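Please open the model in your viewer and keep the sequence panel beside it, since the tour moves from one selection to the next.

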Amino acid sequence: MTELPTIPDPVRVTLDPDATAVLVLDLSDMFVGQTPVVAQTIPAVKTLLDRARAAGARVIFSLGRVAEQKVLPDLDPRPDEPVVRSSAYKFYGTDLEKHLEGMRYAIVVGTAANGAVMYTAFGCCQRGITVAVPEDGLSSRDPFSTWVARYQLLDQPGFQNKQNEPLKPKMATLTRTDLITFGKGV
């Protein structure tokens, strides 16, 4: 049997809040019911959101296309925080790109790590946005799918950061919510 490759450890990142958007993908009442592990990520995501909002970073939510879905109450979007609705690729059929105008960085959290997180992070990189993905803000229906997403985020075609170099321009970096800080003009 072939051994799985090693994924580098999460790294510390400091982001300029004026140039950073936090994308909260599909953390809804529907997914927490279908994927109980989602609930384990909520405290870390909430703490990250509180810190990002206090620093002045932009926050954007997404939900799937099912109308009954609602963002989990612990994460409740504020009135000025947009919510886009799409399939796994959150740029498809939405105005997400408009909401990201002027952003150099995106922090991407959510479920399914091997769908919405992976595809949307790739879309950010394609648009020249450097992505930070906190591992403690990721979930999938099974642990292997989350592993695949972590691996693939660093091995995206054309945007490889296999050594997990912190904030390598236009690529993804694996981090944790407690390793993310905000600093003006960084």
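Begin by selecting residues 143-154, which form helix α5: its 12 residues reach 17 Å from the first C-alpha to the last, close to the 16 Å expected at 1.5 Å a residue. Bear in mind throughout that this is a predicted model.

Go next to the N-terminal end of α5 and show the side chain of aspartate 142, which caps that end with a side-chain oxygen lying 3.1 Å from the backbone nitrogen of phenylalanine 144.

Now colour the buried residues of α5, which are Ser145, Thr146, Trp147, Ala149, Arg150, Leu153 and Leu154. To see what surrounds them, add α4 (113-126) together with the strands β6 (130-134), β7 (138-139), β8 (155-156), β9 (159-160) and β10 (172-175), against which these buried residues pack.

Within the helix, centre the view on arginine 150, a residue of α5 that also belongs to its buried set. Which side chain is joined to that of arginine 150 by a polar contact of 2.7 Å? The partner is glutamate 135. Leaving aside residues up to four places away in sequence, arginine 150 touches Ile7, Glu135, Leu138 and Leu174, so select these four to display its surroundings.

For the last stop, leave the helix and select glycine 102, which is placed in the loop between α3 (96-99) and β5 (105-111). Glycine 102 counts as exposed because its relative accessibility is 65%, and the cut-off for exposed is over 50%. Finally, add alanine 21 and draw the C-alpha to C-alpha distance to glycine 102: the two are 81 residues apart in sequence and 9.7 Å apart in space.

How values were computed
Residues are numbered from 1 along each chain as its sequence is written. This is a predicted model: local features need pLDDT of at least 70, side-chain atom pairs count only at pLDDT 80 or more; totals for chains, interfaces and linings use all residues. Side-chain values use heavy atoms; hydrogens and water are left out. Helices (H or I, at least four residues) and strands (E, at least two) are DSSP runs, numbered from the N terminus. The expected span of a helix is 1.5 Å times one less than its number of residues. Buried means under 20% relative accessible area, exposed over 50%, partly exposed in between (1.4 Å probe, protein chains only). Contact means heavy atoms within 4.5 Å. A polar contact is a pair of N or O atoms within 3.5 Å; within protein, one must be able to donate a hydrogen and the other to accept it, and residues adjacent in sequence count only if both atoms are side-chain atoms.
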